[in-house]
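Student: I should like to examine how the descriptive terms applied to a structure are justified. May we take them one at a time, setting each value against its criterion?

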Amino acid sequence: MADRDLEGLPERLEAAARALLSPERFEHSRGCARFAAEACARSGIDPRKGRAAGWAHDLAKELPRERQMTLARACPVPVPDSVFRNPVLLHGPAAATLVAREFGVRDPEILEAAACHTVGRADMGPLAKIVWAADKLEPGRRHVDDEVRRRCGSLDPDSLLLEALEATVTWLRAKGREVAPETLDLYNTLRKERG
Ligand SMILES: [Fe+2]
Ligand SMILES: [Fe+2]
């Protein structure tokens with residue numbers, strides 16, 4: 001994405017989030033955008049990409065399910081079939097289509113980050129890893145230990161993703177809640193890669 005295309009993009013997506021999201025989800029997106037921007041700056045990625053993707057990631061979450069489905073089917077990023085069988089996962093790919101269509105976002109990394117934040121893939125790029133983690137670790141996520149969050153303030157995208165997965169899986173299990181198979185796959189794959 002050319003530099004000028006990023007100019008003002010986070011602000012435009014923030015305005016869209018304000019229009020489309022409940023105040024709580026708007027605050028969550030703000031936390032995600034900030035967390036992602038900081039992680040990007042540490043990793044040599046333009047922080048505006050992190051902010052833009054953070055504001056974008058949940059933009060479709062409060063749209064009617066049928067609209068989410070229609071948007072997800074047109075996603076500019078490949079979407080695994082499992083997404084279409086689990087409606088709560090649709091809003092990621094749907095957001096990617098929305099920002100491509102309505103905001104002219106062409107940056108493949110921003111589109112991937114939005115599309116993949118609900119499922120995740122072991123081979124996703126650094127920005128998508130950062131946004132996946134930011135979504136789970138931003139300060140509004142009360143179940144994340146402050147110590148974990150502090151530690152994450154110095155990590156590279158791969159380590160950050162693993163920490164976020166660890167925190168998410170541990171929390172879900174402690175609550176007796178099911179971990180999505182895709183999330184578990186991602187977790188196990190990354191742990192194996194790390195030895
Ligand atoms: Fe989401
Ligand atoms: Fe989110």
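Tutor: We begin with contact, a term needed for what covers a helix: two residues are in contact if their C-beta atoms, placed from the backbone, lie within 7 Å. The model before us is predicted. On that criterion, what covers the buried residues of α3 includes α2, α4, α9 and α11.

Student: Which residues of α3 are the buried ones?

Tutor: They are His-28, Ser-29, Cys-32, Ala-33, Phe-35, Ala-36, Ala-37, Ala-39 and Cys-40. Each is listed as buried, a label that requires 20 or more other C-beta atoms within 10 Å of the residue's own.

Student: What span is expected of α3, and what span does it have?

Tutor: Its 20 residues, at 1.5 Å a residue, give an expected 28 Å. From first C-alpha to last, α3 reaches 29 Å, which is close to that value. Just after α3 comes Gly-44, with a positive phi of about 75°.

Student: How do you know that the length of α11 agrees with expectation?

Tutor: Helix α11 runs over residues 157-174, and its 18 residues should span 26 Å at 1.5 Å a residue. Its end C-alpha atoms are 26 Å apart, so the two values agree. After this helix comes Gly-176, whose phi is positive, near 70°.

Student: Why are the buried residues of α11 said to line one face?

Tutor: The buried residues are Pro-157, Leu-160, Leu-161, Ala-164, Leu-165, Ala-167 and Thr-168. Viewed down the helix axis, they fall within an arc of 165°, and therefore they line one face of α11. A general point bears on such patterns: an α-helix has 3.6 residues a turn, so residues three or four places apart point the same way.

Student: What lies against the buried side of α11, and which exposed residues are on the face turned away from it?

Tutor: The buried residues of α11 pack against α3 (23-42), α9 (126-137), α10 (146-152) and α12 (181-193). The face turned away carries the exposed residues Arg-173 and Ala-174.

Student: What makes Ala-167 a buried residue?

Tutor: Ala-167, in helix α11, has 20 other C-beta atoms within 10 Å. The criterion is 20 or more, so Ala-167 is buried. Leaving aside neighbours within four places in sequence, Ala-167 is in contact with Lys-136, Leu-137, Val-144 and Val-148. The C-alpha atoms of Ala-167 and Val-148 are 8.3 Å apart, with their positions 19 residues apart in sequence.

Student: Why is Leu-127 called buried?

Tutor: Leu-127, found in helix α9, has 28 C-beta neighbours inside 10 Å. Since the label calls for 20 or more, Leu-127 counts as buried. Beyond four places in sequence, its contacts are Ile-45, Lys-49, Gly-50, Ala-53, Glu-109, Ile-110 and Ala-113.

Student: How are Glu-11 and Arg-194 to be classed: buried, partly exposed or exposed?

Tutor: Glu-11, in helix α2, has 13 C-beta neighbours inside 10 Å and therefore counts as partly exposed; the exposed class ends at 12. Arg-194, in the segment after α12, has 9 such neighbours and so counts as exposed. Glu-11 and Ala-52 are 41 residues apart in sequence and 7.9 Å apart in space, C-alpha to C-alpha.

Student: At what angle do α4 and α8 pack, and which residues make the contact?

Tutor: Helix α4 (residues 47-56) and helix α8 (residues 108-116) pack at about 35°, their axes 9 Å apart. Lys-49, Ala-52, Ala-53 and Ala-56 of α4 make the contact with Glu-109, Ile-110, Ala-113 and Ala-114 of α8. By class, this contact has six nonpolar, no polar and two charged residues. The crossing is right-handed.

Student: How do α8 and α9 cross, and what is the class make-up of their contact?

Tutor: The axes of α8 and α9 come within 8 Å and cross at roughly 35°, in a right-handed crossing. Glu-109, Ile-110, Glu-112, Ala-113 and Cys-116 in α8 meet Leu-127, Ala-128, Val-131 and Trp-132 in α9. These residues divide into seven nonpolar, no polar and two charged.

Technical notes: Residues are numbered from 1 along each chain as its sequence is written. Chains are lettered from A and ligands numbered from 1 in the order in which they are written. This is a predicted model: local features need pLDDT of at least 70, side-chain atom pairs count only at pLDDT 80 or more; totals for chains, interfaces and linings use all residues. Axes are lines fitted to C-alpha atoms, for helices over the stretch in contact, and angles run from 0 to 180 degrees between N-to-C directions. Helices (H or I, at least four residues) and strands (E, at least two) are DSSP runs, numbered from the N terminus. A crossing is left-handed if the near helix is turned anticlockwise from the far one by less than a right angle, and right-handed if clockwise. Ala, Val, Leu, Ile, Met, Phe, Trp, Tyr, Cys and Pro count as nonpolar, Asp, Glu, Lys and Arg as charged, and the others, Gly among them, as polar. The expected span of a helix is 1.5 Å times one less than its number of residues. The arc is that of the directions from the helix axis to the C-beta atoms.
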